[in-house]
Amino acid sequence: MIEIKNVSKWYGSFQVLTDCSTVIHKGEVVVVCGPSGSGKSTLIKTVNALEPIQKGDVVVNGTSISAPGTDLPKLRSQVGMVFQHFELFPHLSVTENLTIAQIKVLKRSPEEAKTRGLKMLDRVGLIAQKDKFPGQLSGGQQQRVAIARALSMDPIVMLFDEPTSALDPEMVGEVLDVMVRLAEVGMTMMVVTHEMGFAKRVSHRVIFMDHGKIVEDCKKEEFFGDPDARSPRAKDFLSKILNH
Amino acid sequence: MFGLDFSFLNWEVIRAYVASGFIFSIQLTLVAMVGGIALGTVLALMRLSGKKFLEVPATIYVDTLRSIPLVMVIMWFFLIIPFLIGRPIGAELSAIVTFTLFEAAYYSEIMRAGIQSVPKGQVHAGYAVGMNYGQTTRLVVLPQAFRNMLPVLLTQTIILFQDTSLVYAIGAYDLLKGFETVGRNFNRPVETYLVAAVVYFVICFTLSYMVRRLQQRIQIIR
């Protein structure tokens, strides 16, 4: 579904990604973790070309993001993305947030878009908030609306960029619940997160990054079950976050 | 009081001399505002495009007009146009075009600040749901930029309204010219200029007050 092939990226002379390669299969849930500044958010944003790359290639569902003729908006419309800071459109109501891209990008009729959008809003348990504005919702609710917005586009894969990092602790659960349910119905997901509980419960694979490199890329069972086989850097990271 | 005599001023006189000038001043302000904001937004987008061939001309345009006194632009435009198109276009039309072009430079700086006030994440969110540059700009960035900058845009419009009095330089018949004509006809220039000042003051002060109220309301919404 997603092939990341030898991706390297520089900000000026500073290399943020070094030769990253991995494959995400259909129906797979892959968690990307690692210390801050390790390049995980940058890596996930290369998948839908929000961050341009200088070397390598990413192929999404057979379409290369760096091929000259690629219709990037079309590719992005098939890839759902959830941001750390939600990024709902604050000048639009919840319903409009859910329908605008369906209408303008997928050219669905307003009625069809509304039906689809409200169905997704119901799925994240927020149908009662449909006429409110993002500013009137809590952080957790906003993030659930953001997930519904991405789902309304019928994506073939969902990218999550630290979806719970900006939330108050008591709101993390409601967002993770939505993500767990999504994983259970077979959505292909790439998730940058520090939530190791989520990784243990629903992920299939864990990618560990450090200094812009993919250091570990293994099955969840290996990653959490066999700490002795891990690289020193991953061991250090795991000991820090699992002891609390 | 001070030997001032306002007895000559009545509705008859106002309607005959001032009304058409007042309407023109309002017309000039509104057209220059709408046209200036539209052109200014285009200029702002050009300057923020990151493409040199758009950025450079827009920057030159804005910096040039912001460095020349408005009254000179009004006169030059009025004098040059007949040479360029072969016939005069009249003081009123000339003023409308000049003000639109001139104010665009100021509105563009406001819109530039407004566009930059929209977080980068919003642009990413627009792209992420499949919008192209035009859609993201039109549907995501500009509505927020306008809302953030609405009080400043309106304040600039109040300044624009005051500046419309500069069309005296080319003899266009505006609000001030109307009062001036009354003053000359009745030989009461001191009184009429005084009344003109009060009219400008009342209009601008009321608008400023309304903008302040609007600003407070927008702050609450956010």
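## The β1–β2 hairpin of chain A

In this predicted model, A:Y11 has A:F14 in β2(A) as its bridge partner. The two strands concerned, β1(A) and β2(A), are paired in the antiparallel sense, and the pairing extends over 7 bridges. Between the strands of this hairpin there are 2 residues, and A:G12 adopts a positive phi near 65° there.

## The four-stranded sheet of chain A

The hairpin strands belong to an open sheet of 4 strands in chain A, whose order is β2-β1-β4-β5 and whose pairing is antiparallel. Its edge strands, each of which pairs on one side only, are β2 (14–24) and β5 (63–64) of chain A.

Within this sheet, strand β1 (residues 2–11) of chain A is also joined to strand β4 (residues 55–60) of chain A, by 5 bridges and with the two strands running antiparallel. Two residue pairs show how the strands are placed against each other: A:I2 has A:V60 in β4(A) as its bridge partner, while A:S8 stands opposite A:K55, likewise in β4(A).

## The six-stranded sheet of chain A

A further open sheet in chain A has 6 strands in the order β6-β7-β8-β3-β9-β10, and its pairing is mixed. The edges are formed by β6 (79–82) and β10 (213–219) of chain A, each pairing on one side only. On average, and with direction ignored, neighbouring strands of this sheet are turned by 15° against each other.

At the β6 edge, β6(A) pairs with β7(A) in the parallel sense over 4 bridges, and A:V82 finds its bridge partner in β7(A) at A:F160. Helix α6 (residues 169–184) of chain A lies across β3 (29–33), β7 and β8 (189–192) of chain A, and the helix runs at about 150° to β8(A).

## Helices α3 and α4 of chain A

Two packed helices are described by the angle between their axes and by the distance between those axes. For helix α3 (residues 94–104) and helix α4 (residues 110–123) of chain A, the angle is about 125° and the axes are 8 Å apart. Angles that fall outside the ranges for roughly parallel, roughly antiparallel and roughly perpendicular count as oblique, and α3(A) and α4(A) are therefore oblique to each other. The crossing in which α3(A) passes α4(A) is right-handed.

On the α3(A) side, the contact involves A:V94, A:T95, A:L98, A:T99, A:Q102 and A:I103, and these meet A:P110, A:E112, A:A113, A:K114, A:R116, A:G117, A:L118 and A:L121 in α4(A). Sorted by class, the contact of α3(A) with α4(A) comprises 7 nonpolar, 4 polar and 3 charged residues.

## Salt bridges

Side chains of opposite charge can pair when their charged atoms come close. Counted over all chains, the model has 18 salt bridges. One of them is formed by A:D154 with A:R108, where the closest N and O atoms are 2.4 Å apart. This pair links distant parts of the chain, since A:D154 sits in the loop between α5 (139–151) and β7 (157–161) of chain A, whereas A:R108 sits in the loop between α3 and α4 of chain A, with their positions 46 residues apart in sequence.

## Chain B and its α3–α4 contact

The secondary structure of chain B consists of 8 helices and 0 strands, and its pattern along the sequence reads α-α-α-α-α-α-α-α. The C-alpha trace of chain B spans about 70 × 50 × 25 Å along its principal axes.

In chain B, α3(B) packs with helix α4 (residues 91–116) at an angle of about 130°, their axes being 9 Å apart. The helices α3(B) and α4(B) are therefore oblique to each other, and their crossing is right-handed. The residues making the contact are B:L70, B:V73, B:I74, B:F77 and B:F78 of α3(B) together with B:A91, B:S94, B:V97, B:T98, B:F99, B:L101 and B:F102 of α4(B). By class, the contact of α3(B) with α4(B) has 10 nonpolar and 2 polar residues, and no charged residues.

## B:F77 in its surroundings

B:F77 lies in helix α3 (residues 70–85) of chain B. When residues up to four places away in sequence are not counted, B:F77 touches B:S94, B:V97, B:T98 and B:L101, and these four residues are listed among those of α4(B) in the contact of the two helices. B:G21, by contrast, is 56 residues from B:F77 in sequence and 21 Å from B:F77 in space, taken from C-alpha to C-alpha.

Notes: Residues numbered from 1 in each chain as written. Chains lettered and ligands numbered in written order. Predicted model: local features only at pLDDT ≥ 70, side-chain atom pairs only at ≥ 80, totals over all residues. Heavy atoms only, no water. Axes fitted to C-alpha atoms, helices over the stretch in contact; angles between N-to-C directions. Parallel < 35°, antiparallel > 145°, perpendicular 65-115°, else oblique. Left-handed = near helix turned anticlockwise from the far one by under 90°. Contact = heavy atoms within 4.5 Å. Nonpolar A, V, L, I, M, F, W, Y, C, P; charged D, E, K, R; others polar. Pairing = 2+ DSSP bridges. Salt bridge = Lys/Arg side-chain N within 4 Å of Asp/Glu carboxyl O.
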